[in-house]
Amino acid sequence: MPLSPAGERLHSKVAAYLKSSDPAMLADAQTVQDTVEVARTVTSRFRDRPPNYRDAHAAGLLHWLRADHVDTAAAAVERGRASAYFLLLLRPHRGAIPDSALAEVAGMAARHAGKRDGVPFWSALAEQALTSFDEQGDDASLHCAILLLRFVVEAVDPADPAYSVYLATLILTLRRQPDWAADPGIAGEVLELARRTVDGTPRDDADRPVYVAQLVDVLTSMYMANGELARIDEAVMTGLNAVGTAGPVHQIAILTATATALHNRYLDTDALPDLRQAISLERRAAALADAIPGSEAALLSTLADSLTSLYLRTEDESVGRDAVDVQRQALAAATPGSELHTEISYELACTMFARFRGTRDRGDFDAAVQAAEAGMRIRAEERGDIARRHGLAALTHQLRHELTADVGDLRRAAEAYEAGASACADDDPTRASYLLSSADMLMRLFEATADDTLADRATALHREAAAITTAPVADRLRATVGWAEGEARRGRYDAAVVAYRAAIRLLPLTAWHGLDRGDREYLLSLSAGMASDAAAVAIALDEPELALELLEEGRGVLLRQAFDYRRGPAQLRERHPELAAELETVRRRLDAATGRGAADGLIDRRVLAQRWDALVAEARSLAGFDDFLMPTPFERLRAAAGCGPVVVVNISELRCDAMVLTKAGVSVVPLPDVTPEAVNEQAGRLDSALDSAAHDPLAPQTQLTSVLTWLGTHVVAPLLGKVAPRRRQGEPLTRAWWCPTGVLSSMPLHAALLPGGEVVFERCIPSYTATLRTLLNGREPATTEAARPLVVGVASSAEGSTLLPSAGAEIAIVAPSLEGAAVLREEAATCAAVLDGLPAASWFHFAGHAEQRSWQDGGPVLHCWDGPLAATDIAMVALDRAEIAVLSACDTAFGDVELRDEAAHLSGAFQTAGFRHVVATQWPVNDRRARVAVRTFYRHVTGDAKTSDAAHAAVAVWQVLRDERAAYPDRPAIWAPFVHFGP
C-alpha cells in the first residue's frame, strides 16, 4: 500500500532529519498535524485491507527520533507512540523496526504469540501496556496503550457489538492522563468519543446506560476543569433523561453520575434545587446498593456529603441529624482501616463539628474529636489528603477554643489552616477556603489581642485568596471584602477603594441572573452592607461622586438586573432592530423559565442567561454601544435630581454621612451622632413599639415618638437646610427623595420629628427610592399600549381565615375611581388570577393581608384566596404598561434586614416588576383608618381630571399624611406608615 499524503510528508521529514540532524523539522505545525492524521487513518481501512504499514513505519520513526530532543515527560509520550506503531509492524515487517526498539516491543508481543494479528493482538498489547503503567508508573506504557486502542477503534466496524466496549476502554485510558480535562485536545477527543459511544449504542442495549453515565461524568469533569456552564448543564440533562432506563447495577451508575453533576453545579452556583435533587438521586442509588456487593459504604458516604452541604446551607437540625446518621451507617459498612473508612471518619468529624456550632452540645464535640482522630489517619501522600489533615486539625483547635476560650487554640488553628493552604496547588479552588479560614482565625486573635500584625497578616491572606480565580465566586467575594476591610481598618483608603471596587464587580457573578431569585437573594445576603462601606471609603477620600457610583453598583443588584431586561432592547431597537428583537425574546423566555421544575427550569434559565450575556457582549461591540447596560456613571446619575433633591443616607461602621444630590452636584453632610449601632437600637425600639400596638393601640405612641424624634434630630435636621429650606409664603413645597441604606432603609424618615415640632413632610413632599437608577427608570413613561386597572380584594381565605374584613368596603371606594377596572374578589382572587392579570394592568390596587417573611422562609407575600403570593413571583413578572401599585396591606414597605440593600419588600417587588409608582405602608394599619386613607388618596390622586392619574401619587400620599396627622397628632402609629416610592 502506498504512503498517504500525510505519511509521505512524515517519510520526507524523517529522511531530511537523518541527513541534517535538525530536530526543528520534526516538530513544525504541519508535521504535528500529519502525525494526528496518520494515527487516525493508519488502521481505518483494516476491515477491507491491511493497515498502511508504510505510514506506520514513517510515524513510528518520527516519534522515536523526536523522543531524543524533548524533555523527560514529552519523551515518554513519544516513545509510547513509537512503540505502538512498531508493535503494528512487528509481525508483518519486523525488519523495519529500529534495533534500539526491537527488543522492547518483541518482549511485549511474546506474551501474545497465540493471538490473531489485528484487533485481538493490539487490544491485548494495550491491556499489557496498561498493566505496566499501573505497576511501574511508566508514562510511555500509557501512551503506547492509548495509541494501540486508537488503532483498535479505527479498525473495528461501528456495527460490531464490541465497538462501544473498545470506545469506552479508550475513553477510560485517555482519562488516566493527569489533568486530562484541562487539556483542550485530550478533553475534546474524550468528549467526542463519549458522544460517539452513546450515539452508536442502540437504545435497547443493556449497556447503554453505562455509556450515558460515562458521558455525564466526562462533561462534569470538563466543567470542573474549565467552568463552562454549558458542560454541566448538558451533564445534568443527559443524566436526568436516562434515569429510570436501566436495571439496578447500571441505574446506580446513572444516578451517581447525575447526582455528582448536580452537586458540583451547586457548589459553584449555590442553586439549592440542584443540591436537593442530588440528594434525592443519591438516596435512590443507596437503596440499590445490594445490586453491587461492597458499594454500600461509598454510596452512603456520597449521600452524607450532600446532606452535610444542605445542613450547612439551611442550618436545619433535622438535616444535620440525617447527615450524621447516614455517615455512621457508611462507617459501619466500610472496612475498618481502609482508606474509605478513614475518609468517612473525616467527613463525619466535619459534620459533627458543624452540629456542635449549632447545638453547643459537649457530646457532639467529643464525638467530632473522636471522628477527627480517625480522620487524621488519612494517608498523607496526595496534596489534597495533606491539606485535609491540616484542615481537620485546624477545625479541632478552632472549636476547642469555642469551648475553652484559649487563644492558643486560635493561633494553632490559624497555623494549621495556612499549612493546609500551602499543601494545595496554587490554582486549587480549596486553597482559597483554607486561606479564608486562616484569616478568620487571625482576625479573632486580633480582636482578643489588639496585635495589628495579626490583622495585617489576615489582610494579606484575604488578598491572596481573592486572586485565586478558580475558587467559587462566593469565596472570592468574601476574600475581596476581607481584603478591603483590612485596608480600610488601617486607614489605607486608596488600597481599600481598589479592593471594594473589585468586590462590587463580583456581585453580578455571585448573584448571576441564571440562578433562581431565591438563590440570588441568599448570595447577596452574604455581602449586605459592603457597598455602604465602599462608599464610606470614597467619602473619606473626598470623592462623593465615586461614593454614589459604588452604592449604585453594589446595591439594588436584583432591581438592576430586572431593569436591564426591560430597558436593554429599547436602547437598541432604533439602530439594531434584529439584535434588539432577540434580546427581547430571550428576556421573555427568561421570565417564562421562572418557577419551572428544579433541574429543567434551572437549565433553561442558565442557557437563556448565557445567551443574554452573549447578546449583551455583541451589543457592546457595536459603535456607540460600548457602555450598553454597564453600571451608570455619575454624570448620568446626577439627572436623578432633575425634579428635586435626592438624599442618600449612608450607614457604615467606618462613618455615616448624607449625600445630597441636586442639579448643582453632590454635597456631603457628616452625621457624627449616627452609627450602625445607634440605628439598630432605634430599629429595635420601633419593632418593639409596633409589636405592642397589636395588644394596645395606644401603647406604642410614646416609644414611636421617641424614635421619630431621634431620626429628626440626628439624621434629618443636619441636612434639611440643603434639602428643603424654609419657603416663603405662597411657595410650593419641594419634592424630595430619600434613599437610605442599611437598616435605615425601613425606617420612617419621611415622618421624622424635627427640633421645634415640625415633621419632615411639612417641609417637603417626600418619596423614597431604592437607588438613583430606580428613580431615573421610573421617570421613563410606560408603554402606551392599552391597559386597564386591576383591583383585588381578599377579605378571607379558602381555608376560612379572616384576612381583611373591610376589603369589600375598600373596593367599593376604589373601583369608581378607576374607570374600566377589572375586579377580583374573594374566590376569584387566586394567586394565578392575580399574576395573569398584572401584565395587562396599568394600575393595581390590592386590599387584603400581607406578611413580611425572611428570605429563608420564602420572602414577603400577599395573601390571596388560595394562599400566599410570593414577592419573588411578582418581581419576575415583566410589565411594560405598569404605572402604579397601591398596596393597602400591612408591612408592604418593610424589608428583610439581611437583604437591606435589595429592596426586599413587596414595594420593591412591584418596582422590580415594572411599576413606576408604589404606595405602601411601613407597618400595620387599622382597617377603618386604612379605608379613610384610601378615600383621601383617591380623592387627591385624581388631580384636575375625572380619572386617577399616577403622576399625582406622591402628592396624594402627602395629603394622606397631613390629614391623618391633623386628626391624630399624638398617635404617629396611625399617621406615619404611609409611603410613596417612585418619581
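**A buried serine, an enclosed strand and a helix pair**

Serine 806 is found in the loop between strand S6 and helix H34 (807-814). Like everything described here, this placement comes from a predicted model. Serine 806 has a relative accessible area of 7%, and because buried means under 20%, this residue counts as buried. Which residues does serine 806 contact, leaving aside its neighbours within four places in sequence? The partners are Asp927 and Arg931. Serine 745 offers a useful reference point along the chain: serine 806 and serine 745 are 61 residues apart in sequence, and their C-alpha atoms are separated by 30 Å.

The loop that holds serine 806 leads back to S6, a strand that spans residues 788-793. Of the 6 residues of S6, 5 are buried, so the strand is largely enclosed by the rest of the structure. S6 also has strand partners. One of them is S8 (residues 841-847), which runs parallel to S6 and is joined to it by 5 bridges. Within this pairing, valine 792 stands opposite phenylalanine 846 of S8. Another partner is S7 (residues 822-825), again parallel to S6, with 4 bridges between the two strands. Here glycine 793 has arginine 825 of S7 as its bridge partner. A general point helps when looking at such strands: in a regular strand, the side chains alternate between the two faces of the sheet.

Elsewhere in the model, two helices pack together. Helix H19 covers residues 407-423 and helix H20 covers residues 429-449; their axes lie 8 Å apart, at an angle of about 160°. Since angles over 145 degrees count as roughly antiparallel, H19 is roughly antiparallel to H20. The crossing of H19 past H20 is left-handed. On the H19 side, the residues making the contact include Val407, Leu410, Ala414 and Tyr417. On the H20 side, Tyr434, Leu435, Met441 and Leu445 are among them. What kinds of residues make up the contact of H19 with H20? They divide into 12 nonpolar, 3 polar and 4 charged. Among the contact residues are Arg411 and Glu418 of H19, as well as Arg431 and Arg444 of H20.

Aspartate 691 belongs to another helix, H31 (residues 676-693). Is this aspartate 691 buried or exposed? Its relative accessibility is 54%, so aspartate 691 counts as exposed. Aspartate 691 and leucine 348 are 343 residues apart along the chain, with 43 Å between their C-alpha atoms.

Notes
Residues numbered from 1 in each chain as written. Predicted model: local features only at pLDDT ≥ 70, side-chain atom pairs only at ≥ 80, totals over all residues. Heavy atoms only, no water. Axes fitted to C-alpha atoms, helices over the stretch in contact; angles between N-to-C directions. Parallel < 35°, antiparallel > 145°, perpendicular 65-115°, else oblique. Left-handed = near helix turned anticlockwise from the far one by under 90°. Contact = heavy atoms within 4.5 Å. Nonpolar A, V, L, I, M, F, W, Y, C, P; charged D, E, K, R; others polar. Buried < 20%, exposed > 50% of the residue type's maximum accessible area, 1.4 Å probe, protein only. Pairing = 2+ DSSP bridges.
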